[in-house]
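Thanks for coming, everyone. Please look at the screen while I bring up the model.

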Amino acid sequence: MQYHSTRDKSISVSSAQAIKQGLSDEGGLFVPESFPHVSLDEIENLAGKSYHDRAYFVLSKFLTDFTEEDLRKCITSAYTKEKFGTDAIAPVYKLNDEVYFLELWHGPTCAFKDMALQILPHFLTTSMKMTNEDEEIIILVATSGDTGKAALEGFRDVNGTRIIVFYPDNGVSEIQKLQMVTQRGNNVSVAAVKGNFDDAQNGVKKIFTDTEYKKLLDRNGFKLSSANSINWGRLVPQIVYYFSAYADLIDGGEISIGDEINVVVPTGNFGNILASYYAKKMGLPIRKFICASNENNVLTDFIKTGVYNKNRRFHTTISPSMDILISSNLERFLYDLSGCDDGIVKELMNKLNTEGEYSVPEPIKEAMQSMFDADCCDDKETMAAIRKTFEESGYVIDTHTAVAKCVYDKYVERTGDKTKTVIASTASPFKFNQSVLIALEDYNAVAGKDEFELLDMLREKSGMKVPDSLAELKDRTPIFNTVVEKDQMQNTVSDFLKVE
Ligand SMILES: *Cc1c(COP(=O)(O)O)cnc(C)c1O
């Protein structure tokens, strides 16, 4: 299986090369040349299989240049019971006869980014070995919260890699900050940047594009790489859990093989929902994709009208991991919908860059609307969805998952569609404990309480166990207290790597 660039399909690389490179040189994203087809018999066969076997089944169809031994090693190193607390890795929770939550947050950082970032480091080191790179990989990350911690956990103590994470001094939640500054591992570093997320992001971009600096690193045996969500190695593991969820539904007698399901995904960068679309392209019976957004509803408008316009107010919401105005993985979707037309994709992406807006041709819009539905909700509706779900069933969901649940309820009301539906549950409610508790109780209940008192309160209310990785933070001493000026980030990297 070869990979083409969405902006120049004459480019053709192996999966190891695509993963190592991250982004194609002319700015396009790597996509598989075709989608392997899976039969219903094969899908039925996945029922009763372990998550590891399901992952091998899906991943081996895309990473065809990996040996079976290497690929299995990546899978078993990433998805362990020790890290995920359950052999199921991504268990399905039945809410009622129509709604199932696919819990993607059992990993070490309590959010769904772990599903990809636990395995990406192993893909990367294997790809480096396969392409005869002997330099050490340096991962640079600017984070607004979830990605940084998930990348640190994924890369910690992985041989041949080091990771440096920059977060905005006053731009992450208390628990996110604690998670990062107490990070363990012999190859990790964390620094706060005086400024906001954009400052941290710009600083990292500057280091990435500084050719002189990259030469200096090269002379010292280091190669910069990125762990962000445009890397094929982050997208492909996400296809697995849609097959796994379907296999679980068969296993539990909830559906029969061949029955169509709907999926609802709380969306930001469009990676998670795109993975479900790719699963359908491979043959997984999915009828509708329901794209859920918070007040940053650029995707809702796009799916409804075919016009993508990022020139709008940015909203800070209680589902911060979806506070995004440019959904970078949409580029892969457009490439697919246009019948692999790299010319159109290039044109639209240029327009987005220069004008902040583009409009897709009619056939693309029609294809999109035949499969995708979209809606959005504000913070108040998100809170109401958390409360309603709890009152009806005693199940507690986080703010991101609640956006999806709210949009799903609106969809059913509008269409009457009773198809069995899998909702992607993307974070543990404990990770966003304050908003969840305000939804379940009120503002007064949380006033003056610290993070650990809130965790306890939520434990009592929900009857769920506080995830060990969050409970442990209480006794951890901060290791990283560096705060750097935004123009000093390169020095921080040099200090960590001891290059000059
Ligand atoms: C990143 C994230 C999302 C958005 O996923 P995309 O793949 O970027 O669309 C949703 N919820 C949570 C909790 C996240 O961390």
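I will go through the ligand, then a pocket, then the cavities, then one aromatic pair.

A word of caution to begin with. This is a predicted model.

Let's start with the ligand. Which residues come nearest to it? They are Lys113, Gly268, Asn269, Asn272 and Thr426, out of 15 residues around the ligand. Sort that shell by class. You get five nonpolar residues, eight polar ones and two charged ones.

Now some polar contacts. Take Lys113. An N or O atom in the side chain of Lys113 is 2.6 Å from an oxygen atom of the ligand. Next comes Asn269. Here the backbone does the work: one of the polar backbone atoms of Asn269 is 2.7 Å from a ligand oxygen. Then Thr426. This contact goes to a nitrogen atom of the ligand, and a polar side-chain atom of Thr426 sits 2.9 Å from that nitrogen. How much of the ligand does the protein bury? The ligand exposes 390 Å² when taken alone, and the protein buries 96% of that.

On to the pockets. I will show you the second largest pocket, with a volume of about 770 Å³. Its lining has 33 residues. Look for Glu82, Lys83, Pro108, Asp468 and Ser469, which lie nearest the centre of this pocket. By class, the lining splits into ten nonpolar, twelve polar and eleven charged residues.

Which helices supply at least two residues each to this lining? There are H5, residues 81-84, H8, residues 146-155, and H23, residues 468-471. H5 gives the most, with four residues.

Now the enclosed spaces. How many cavities of 30 Å³ or more are there? The count comes to two.

The largest cavity has a volume of about 40 Å³. Its lining is made by Thr267, Gly268, Ser293, Asn296, Val298, Leu299, Met322 and Ile324. You have heard one of those names already: Gly268 is also among the residues that come nearest the ligand. What about charge in this lining? The largest cavity has no charged residues around it, just four nonpolar and four polar.

The second largest cavity holds about 30 Å³ of space. Around it you find Lys20, Leu124, Met128, Ile137, Lys223, Leu224 and Ser225. By class, that makes four nonpolar residues, one polar and two charged. Helix H7, residues 120-130, and strand E9, residues 222-225, each supply at least two of the lining residues. E9 has the largest share, with three.

Last topic: aromatic rings. The structure holds 22 aromatic pairs. I picked one, Phe101 with Tyr395. Why is this pair called tilted? The ring planes of Phe101 and Tyr395 meet at 35 degrees, with the centres 5.2 Å apart, so the pair counts as tilted. The cut-offs help here: under 30 degrees would be stacked, and over 60 would be edge-to-face.

Where do the two rings sit in the chain? Phe101 is in strand E5, residues 99-103. Tyr395 is in the loop between helix H18, residues 379-393, and helix H19, residues 399-415. The two residues are 294 residues apart, and their pair links distant parts of the chain.

That's the tour. Thank you.

Note on methods. Residues numbered from 1 in each chain as written. Predicted model: local features only at pLDDT ≥ 70, side-chain atom pairs only at ≥ 80, totals over all residues. Heavy atoms only, no water. 1 Å grid on protein atoms, 1.4 Å probe; cavity = no way out; pocket = protein on both sides within 12 Å on 5 of 7 lines; lining within 4 Å. Points joined across faces, edges and corners; volume = space filled by probe spheres on them. Nonpolar A, V, L, I, M, F, W, Y, C, P; charged D, E, K, R; others polar. Near = heavy atom within 4 Å. Polar contact = N/O pair within 3.5 Å; in protein donor to acceptor, adjacent residues only side chain to side chain. Areas by Shrake-Rupley, 256 points an atom, 1.4 Å probe, with all protein chains shown as cover. Phe/Tyr/Trp six-rings, centres within 6.5 Å; stacked < 30°, edge-to-face > 60°.
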